[in-house]
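I opened this notebook to record what I looked up in one structure, entry by entry. My topics were helix packing, backbone geometry and a few single residues.

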Amino acid sequence: MTTAGALTDVGGMRVGHAGRWGAGWLSGVTVVLAPEGGAVAGVDVRGGGPGTKETDTLDPRNVVRKVDAVVLAGGSAYGLDAASGVMAWLEERGRGVRVGPEAGQVVPVVPAACLFDLGRGGDFRARPDAEMGRAAVEAAAASVPGAPVTEGSVGAGTGAVAGCVKGGVGTASVVLGSGITVGALAVVNSAGSVLDTGTGVLYGELFEGPVAYPEPGVREAARRRLDEVAARNAPPPLNTTLAVVATDAGLSKAQAQKMAGTAHDGIARAVRPVHLLNDGDTVFALATGARPLDPAPTALNEILAAGADLVTRAITRAVRAAHPMSEPGGAWPSYEELYGRR
């Protein structure tokens with residue numbers, strides 16, 4: 001499923017997916033590729049069991065100011081190896097932190113975060129590697145500026161599960177009154193639920209305005225199916241919701257870190273409970289600086305609020321776009337399969 005209103009509406013941002021399913025596989029990688037010259041970056045980790053790479057470099061006290069790509073991967077900590085393939089691709093193009101006098105003497109800084117999907121396809125060893133990371137960044141680079149982003153059970157969302165239903169990738173964007181664009185992309189693989197089984201409504205949609213409730217018979221049938229799924233599938237031991245928020249505003253590293261932090265509010269609206277010890281919930285923030293930020297102290301607030309709203313919307317879109325999966329490691333219905341589109 002592709003849609004307008006995506007992270008790629010922030011000028012210069014590109015998104016690429018790579019993944020495998022079948023023959024024991026159910027995992028993948030999503031890469032957010034920044035424009036040439038990189039983007040100012042921040043991060044905020046709230047989950048108690050994170051799997052991350054290069055997040056310390058994004059601390060505003062540290063020297064690295066910009067990054068060229070962010071990697072989101074399945075495969076738990078093993079999947080962080082996908083970032084190596086992205087680093088190699090960037091190095092070949094001379095993109096990264098210059099560490100020597102020659103153009104090619106660079107060290108690409110590629111922050112990454114992973115989610116737990118090990119064994120969901122049946123083979124515990126079927127997980128992303130450097131080759132899959134390279135495939136995802138190549139897919140991002142091959143896309144045209146502003147290209148729609150494929151949503152649902154793709155990339156890092158290939159093996160994602162949201163509570164008892166299939167998770168996936170979702171994205172959204174908005175242009176503010178100031179002309180600044182904000183976008184978000186989320187990968188939903190939550191231990192907490194994304195829906196109220198009593199009403200059949202996604203939590204995130206309660207913040208979007210009036211909602212259409214499924215008929216009582218649909219809700220009861222869905223509840224029975226979800227009980228069956230919970231009894232059949234093993235309890236998920238580790239889970240994570242990952243997100244990237246981006247803007248074309250000129251932000252400092254500290255401001256980017258603040259944007260990543262407030263964007264976690266968007267996860268909390270859409271997933272209940274959230275930020276548990278078993279979760280690795282992580283949000284990255286990217287700012288291209290194409291548009292100046294008003295120097296007024298409160299000018300950032302509109303961007304912060306939009307980032308949180310868009311993460312909520314991206315999560316609901318991810319769940320609505322997901323496809324049902326039945327694999328040796330478990331079976332997960334999709335939200336649309338259970339409740340239909342209203």
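Before placing any residue in a loop, I note that helices and strands here are DSSP runs, numbered from the N terminus, with at least four residues for a helix and at least two for a strand. I also note that the model is a predicted one.

**Entry: positive phi outside glycine**

I began with the backbone, keeping in mind that most residues other than glycine have a negative phi. I found Ala23 in the loop between strand 2 (14-22) and strand 3, and its phi is near 55 degrees, a positive value in a residue other than glycine. I then asked whether Ala23 is buried or exposed. Its relative accessibility is 79%, and Ala23 therefore counts as exposed.

I went on to Ser76, which sits in the loop between strand 7 and helix 1 and whose phi, also positive in a residue that is not glycine, is near 55 degrees. For Ser76 the relative accessibility is 17%, so I entered this residue as buried, the cut-off for that class being under 20%.

**Entry: helix 1 and its buried side**

Which residues of helix 1 (residues 82-92) are buried? I listed Ala82, Ala83, Gly85, Val86, Trp89 and Leu90. These residues lie on the same side of helix 1, because they cover an arc of only 155 degrees around the axis. I recalled here that an α-helix has 3.6 residues a turn, so residues three or four places apart point the same way.

I next looked up what covers these buried residues of helix 1, and the cover includes strand 3 (25-33), strand 5 (52-53), strand 7 (69-73), strand 10 (112-114) and helix 2 (130-142). Just after helix 1 I noted Gly94, which takes a positive phi of about 70 degrees.

**Entry: helix 1 against helix 2**

Two packed helices are described by the angle between their axes and the distance between the axes. For helix 1 and helix 2 I recorded an angle of about 50 degrees, with the axes 6 Å apart. That angle makes helix 1 oblique to helix 2, and helix 1 passes helix 2 in a right-handed crossing. On the helix 1 side, the contact is made by Ala82, Ser84, Gly85, Val86, Ala88, Trp89 and Glu92, and on the helix 2 side by Ala130, Gly133, Arg134, Val137, Glu138 and Ala141. Sorted by class, the contact of helix 1 with helix 2 has seven nonpolar, three polar and three charged residues.

**Entry: helix 4 against helix 5**

At what angle do the axes of helix 4 (residues 253-270) and helix 5 (residues 299-321) cross? I noted roughly 40 degrees, the axes coming within 7 Å. Helix 4 and helix 5 are therefore oblique to each other, and helix 4 passes helix 5 in a right-handed crossing. From helix 4 the contact draws on Gln255, Lys258, Met259, Thr262, Ala263, Asp265, Gly266, Ile267, Arg269 and Ala270, while helix 5 supplies Leu300, Ile303, Leu304, Gly307, Ala308, Asp309, Val311, Thr312 and Ile315. By class, I counted the residues of the contact of helix 4 with helix 5 as 10 nonpolar, five polar and four charged.

**Entry: a cis peptide bond**

Beyond helix 4 I looked up Pro273, which lies in the loop between helix 4 and strand 19 (282-291). The peptide bond from Arg272 to Pro273 is cis, with omega near -10 degrees.

**Entry: three exposed residues and their distances**

Arg61 lies in the loop between strand 5 and strand 6 (66-67), and because its relative accessibility is 73% it counts as exposed. From Arg61 to Ser334 I recorded 43 Å, C-alpha to C-alpha, for a separation of 273 residues in sequence.

Ala290 lies in strand 19 and is exposed, with a relative accessible area of 61%. Between Ala290 and Ala39, which are 251 residues apart in sequence, the C-alpha to C-alpha distance is 9.9 Å.

Ser326 is found in strand 20 (residues 325-327), and I entered Ser326 as exposed, with a relative accessible area of 54%. The C-alpha atoms of Ser326 and Arg120 are separated by 9.3 Å, the two residues being 206 apart along the chain. Which residues does Ser326 touch, not counting residues up to four places away in sequence? I noted Arg232 and Ala331.

Key:
Residues numbered from 1 in each chain as written. Predicted model: local features only at pLDDT ≥ 70, side-chain atom pairs only at ≥ 80, totals over all residues. Heavy atoms only, no water. Buried < 20%, exposed > 50% of the residue type's maximum accessible area, 1.4 Å probe, protein only. Arc of directions from axis to C-beta. Contact = heavy atoms within 4.5 Å. Axes fitted to C-alpha atoms, helices over the stretch in contact; angles between N-to-C directions. Parallel < 35°, antiparallel > 145°, perpendicular 65-115°, else oblique. Left-handed = near helix turned anticlockwise from the far one by under 90°. Nonpolar A, V, L, I, M, F, W, Y, C, P; charged D, E, K, R; others polar.
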